[in-house]
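Here are a few exercises to work through with the model open beside you. Try each task first, then compare your steps with the solution below it.

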Amino acid sequence: MIHPDLRPKTQPIGKNRVVLLEDFYYRCPKTQIETLSKKGFIIDGMTIARILWSILGAPFSPTNIGPAFTHDNPYRFGVDMYGNSISRKNADIIIEQALKMNNVNWLVRKAVYSGLRTGGWVAWNKHRSVNK
């Protein structure tokens, strides 16, 4: 079941991206960090290799798209909705908790979190250099 707070209104853009049609707010229950993805924010869903879709879910599945927005906004900008810095670790905790709210099983949540902790630094550092 998808948590009511994790149902952003989106529209596809081509094959591999979606755009937010209205602002999307999320408050992480574990970190208490609040994020706000603004209308017009575009993401590529969860970056999941196609071979793993049957296990982790497709990038734009209803259980993954809300958590993807909660994660991609702090990854892109490095701040919460008030402009306070967010660590990469906290951004990764945010998506794990959002997946939990959507009743994604423990093993899948840990696989997503571990993958982000292992390889997420590439995207994190890329966005930090662009945002300077």
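## Exercise 1: the open sheet

Strands β2 and β5 are joined by two bridges and run antiparallel. This is a predicted model, in which local features need pLDDT of at least 70, side-chain atom pairs count only at pLDDT 80 or more, and totals for chains, interfaces and linings use all residues. Residues are numbered from 1 along each chain as its sequence is written, and side-chain values use heavy atoms, with hydrogens and water left out.

Task: find the order of the strands in the open sheet of three strands, and work out which strands stand at the edges.

Solution. Start with the terms: strands (E, at least two residues) and helices (H or I, at least four residues) are DSSP runs numbered from the N terminus, and two strands pair if DSSP finds at least two bridges between them.

- Step 1: in β5, Ile43 is the bridge partner of Val18.
- Step 2: β2 (residues 17–20) is also joined to β1, by four bridges, and these two strands run antiparallel. Here Ile13 lies opposite Arg17 of β2, and Thr10 lies opposite Leu20 of β2.
- Step 3: the order is therefore β1-β2-β5, with β1 (10–13) and β5 (42–43) at the edges; each has a single partner strand, so one side of each has no neighbour in the sheet.

One detail to look for is the hairpin of β1 and β2: three residues lie between the strands, and Gly14 has a positive phi near 65°.

## Exercise 2: another hairpin

Task: describe how β3 and β4 are connected, and name the residue in the turn with a positive phi.

Solution.

- Step 1: β3 (residues 24–27) and β4 (residues 34–37) run antiparallel and are joined by four bridges.
- Step 2: check the register at Tyr25, which faces Leu36 in β4.
- Step 3: six residues separate the two strands of this hairpin, and Gln32 in the turn has a positive phi of about 65°.

## Exercise 3: helix packing

Task: classify how α3 packs against α2 and how α3 packs against α4.

Solution. Axes are lines fitted to C-alpha atoms, for helices over the stretch in contact, and angles run from 0 to 180 degrees between N-to-C directions.

- Step 1: the axes of α2 (residues 62–77) and α3 (residues 88–101) come within 8 Å and cross at roughly 165°. The pair is therefore roughly antiparallel (the cut-off is over 145 degrees; under 35 is roughly parallel, 65 to 115 roughly perpendicular and the rest oblique).
- Step 2: for α3 and α4 (residues 106–119), the angle is about 165° and the axes are 9 Å apart. These helices are therefore roughly antiparallel as well.
- Step 3: the contact of α3 with α4 (heavy atoms within 4.5 Å) includes Arg88, Asp92 and Glu96 of α3 and Arg109, Lys110 and Arg117 of α4. Its residues divide into six nonpolar, no polar and eight charged (Ala, Val, Leu, Ile, Met, Phe, Trp, Tyr, Cys and Pro count as nonpolar, Asp, Glu, Lys and Arg as charged, and the others, Gly among them, as polar).

## Exercise 4: the whole chain

Task: write down the order of strands and helices along the sequence.

Solution.

- Step 1: count five helices and five strands.
- Step 2: along the sequence, the pattern reads β-β-β-β-β-α-α-α-α-α.
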